[in-house]
Amino acid sequence: MEQAYSVEDNHSIEDILCEAGRAGASDVHLVAGMPPKMRVGGALTEMGFSRVTSADTLDILLGIMPQALRDRFEERGECVFSFALPEGGRCRANVYKQKGSVALALRLRAEEALSAEELGIPEPLMELSGKESGLVLLAGTSGSGKSTTLSAILNKISYSRECLVVTLEDSVECLYAGGKALISQREIGADCGSRAEGIAAAVREDADVIAAGELGDRDSVLAAVGAAETGHLVFALLDAAGVADAVERILDMFPAAGQERLRWRLANVLEAVSFQRLRPVPEGTGRKAEFELLALDERMRLVLREGRSLDLAEVLGWG
């Protein structure tokens with residue numbers, strides 16, 4: 001019979017995360033009955049550790065999860081939070097239950113935002129940080145680096161503008177150093193209620209820039225559009241397969257009767273849609289982000305108002 005090693009008998013969670021960091025991994029997965037695995041350059045590979053048990057994953061969870069979140073996890077069976085890594089940086093933990101045990105998906109993050117140059121973000125996208133108002137959508141598939149791109153934009157704002165920035169995050173992953181801007185970071189569920197409530201509160205709190213996070217429901221979309229209409233600069237994330245798909249996904253959240261009105265509202269406030277994907281680096285390991293950016297001009301706003309948003313993919317070269 002195969003011996004079941006605990007993390008204490010083999011290596012600690014600190015050792016696992018440190019090795020993942022040295023390997024340049026983006027994620028670590030811990031599932032009872034399996035050895036820890038990490039994702040490097042988009043590929044999931046085994047690490048040099050013995051398999052973990054149900055007791056191990058529970059012990060790890062209790063060691064990193066804030067006490068205030070434990071009741072929520074028991075009630076919902078899943079939870080998202082962040083914690084500091086032993087050798088610097090932060091980690092986002094997505095914890096969930098499977099087959100009666102705890103499983104963890106851990107995403108490693110730099111504690112401070114990386115620069116646009118390091119991330120390969122095009123300058124026209126970074127220049128949107130200087131807008132006074134409007135809605136900017138950062139779209140991409142899950143794991144494409146949207147949050148990392150947003151962190152770079154917010155970091156630029158922090159050093160270049162005298163303004164108040166309010167972020168709404170499922171978990172605080174990146175800490176912003178002092179600069180010209182005052183940045184208030186709020187966690188959904190801990191510091192405020194829903195995302196929509198957080199956006200509305202940021203408007204009342206006199207925010208100049210609102211980093212709304214992931215728009216996943218009607219209420220958050222309406223709150224973000226409403227904030228942009230009242231003179232705020234709003235950055236929002238969206239899971240989508242392309243620039244045109246980002247607009248369609250927002251509209252599809254609403255019944256047909258409400259889509260025409262929403263098209264007009266979006267056409268008035270939408271400043272740009274960015275889409276990014278990760279491509280393997282031709283030589284060596286790792287992946288590089290590729291970007292498409294659609295900055296709306298009056299001609300494209302007309303396309304959107306007339307209900308031809310699917311044509312946006314054909315006008316990427318306009319303006």
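Which side chains, R279 and E290 among them, meet in a salt bridge, and at what N to O distance? The side chains of R279 and E290 do, at 3.2 Å, N to O. This is a predicted model, and the charged pairs are a handy way into it.

## Pairs between strands 12 and 13

The R279 and E290 pair links distant parts of the chain, with R279 in strand 12, E290 in strand 13, and their positions 11 residues apart. At 40% relative accessibility, R279 counts as partly exposed. E290 is partly exposed too, with a relative accessible area of 36%.

A second salt bridge joins the side chains of E292 and R277, at 3.7 Å from N to O. Again distant parts of the chain are linked: E292 belongs to strand 13 (residues 287-295) and R277 to strand 12 (residues 270-280), 15 residues apart. E292 has 26% relative accessibility, so it counts as partly exposed. R277 comes out as partly exposed as well, at 24%. If you search the whole structure, you find 14 salt bridges. As background, side chains of opposite charge can pair when their charged atoms come close.

## A charged network at helix 11

Helix 11 (residues 298-305) holds both R301 and E298, which sit 3 residues apart, about one turn of the helix. An α-helix has 3.6 residues a turn, so residues three or four places apart point the same way. The side chains of R301 and E298 form a salt bridge at 3.6 Å, N to O. Their surroundings are another matter: R301 counts as buried at 8% relative accessibility, whereas E298 counts as exposed at 57%. Salt bridges with shared partners tie K131, E271, E298 and R301 into one network.

What about E271? This residue lies in strand 12 and is buried, with a relative accessible area of 17%, which falls under the 20% cut-off. Leaving out residues up to four places away in sequence, E271 touches K131, S133, G134, L135, V136, L294, A295, L296 and R301. So the contact list of E271 includes K131 and R301 from the network, and L135 also turns up in the core described next.

## The nonpolar cores

The largest nonpolar core has 43 residues, and L135, L137, L215, V234, L266 and L270 touch the most other members. Helix 8 (residues 218-229) supplies the largest share of this core, with 6 residues. Take L266 as an example: setting aside neighbours within four places in sequence, L266 is in contact with L135, V225, I250, L251 and L304. Another core, of 28 residues, lies apart from the largest one, and its members include I16, M47, C79 and L104.

## Helix 8 against helix 10

Two packed helices are described by the angle between their axes and the distance between the axes. For helix 8 and helix 10 (residues 256-269), the angle is about 45° and the axes are 10 Å apart. The two helices are therefore oblique to each other, and helix 8 passes helix 10 in a left-handed crossing.

Which residues make the contact between helix 8 and helix 10? From helix 8 come L222, V225, G226, A228 and E229, and from helix 10 come R265, L266 and V269. The V225 and L266 contact also appears in the list for L266.

## Helix 7 and what follows

Helix 7 (195-204) has R195, A196, G198, I199, A201 and A202 as its buried residues. Those buried residues pack against strand 8 (164-169), strand 9 (182-187), strand 10 and helix 8.

After helix 7 comes D206, with a positive phi near 70°, although D206 is not a glycine. D206 is placed in the loop between helix 7 and strand 10 (209-214). With 58% relative accessibility, D206 counts as exposed.

## Another positive phi

K99 is not a glycine either, yet its phi is positive, at about 50°. K99 lies in the loop between strand 5 (90-98) and strand 6 (101-109). Is K99 buried or exposed? At 80% relative accessibility, K99 counts as exposed.

Key:
Residues numbered from 1 in each chain as written. Heavy atoms only, no water. Helix = DSSP H or I, 4+ residues; strand = E, 2+ residues; numbered from the N terminus. Buried < 20%, exposed > 50% of the residue type's maximum accessible area, 1.4 Å probe, protein only. Salt bridge = Lys/Arg side-chain N within 4 Å of Asp/Glu carboxyl O. Core = buried A, V, L, I, M, F, W, Y, C linked by side-chain atoms within 4.5 Å. Contact = heavy atoms within 4.5 Å. Axes fitted to C-alpha atoms, helices over the stretch in contact; angles between N-to-C directions. Parallel < 35°, antiparallel > 145°, perpendicular 65-115°, else oblique. Left-handed = near helix turned anticlockwise from the far one by under 90°.
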